[in-house]
Amino acid sequence: MFDFVTELTAPVSYAGPVVGVWLAVGVVVLLVLTRRHPERIAETARVHLDTYDPGADREDGTVVR
């Protein structure tokens with residue numbers, strides 16, 4: 001049915017397994033950090049939170065009334 005799909009050559013065909021292993025290592029590191037240092041995970045999450053200040057100047061130059 002899929003005769004038109006060709007098999008990837010040697011260097012390119014390694015990309016999928018390499019990415020999968022890299023993802024697995026990242027998940028393991030995240031689980032270890034969550035288990036041993038949960039406060040570090042919470043601190044990292046705070047970096048990505050933006051505080052909303054309705055009185056602050058807007059970056060696009062518009063005025064909110």
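Start with the whole chain in a cartoon view and follow it along the sequence, where the pattern reads α-α-α, with three helices and zero strands (DSSP runs of H or I of at least four residues for helices, and of E of at least two for strands, numbered from the N terminus). This is a predicted model, in which local features need pLDDT of at least 70 and side-chain atom pairs count only at pLDDT 80 or more, while totals for chains, interfaces and linings use all residues. Residues are numbered from 1 along each chain as its sequence is written, and side-chain values use heavy atoms, with hydrogens and water left out.

Next, colour the chain by pLDDT, the predictor's confidence in each residue from 0 to 100; the chain average is 83, and 75% of the residues score at least 70. Select residues 15-36, helix 2, which has the highest mean pLDDT among the elements, 95, and then residues 38-47, helix 3, which has the lowest, 84.

Now show the surface, whose accessible area (Shrake-Rupley method, 1.4 Å probe) comes to about 6,800 Å², with 64% of this belonging to carbon and sulfur atoms. Of the 65 residues, 0% count as buried, that is, under 20% relative accessible area.

Finally, select F2 and F4, both exposed (over 50% relative accessible area). They form the one aromatic pair found in a search of the whole structure (ring centres within 6.5 Å). Their ring centres lie 6.0 Å apart with planes at 55°, so the pair is tilted, neither under 30 degrees (stacked) nor over 60 (edge-to-face). Add M1 and V5 to the selection to see a nonpolar surface patch of about 560 Å² accessible area together with F2 and F4; V5 lies in the segment before helix 1 (10-13). Patch members have over 30% relative accessible area and no salt bridge (a Lys or Arg side-chain nitrogen within 4 Å of an Asp or Glu carboxyl oxygen), with nonpolar side chains joined within 5 Å.

How values were computed: Buried means under 20% relative accessible area, exposed over 50%, partly exposed in between (1.4 Å probe, protein chains only). Patches are made of residues with over 30% relative accessible area and no salt bridge: like charges are joined within 9 Å, nonpolar side chains (Val, Leu, Ile, Met, Phe, Trp, Tyr) within 5 Å.
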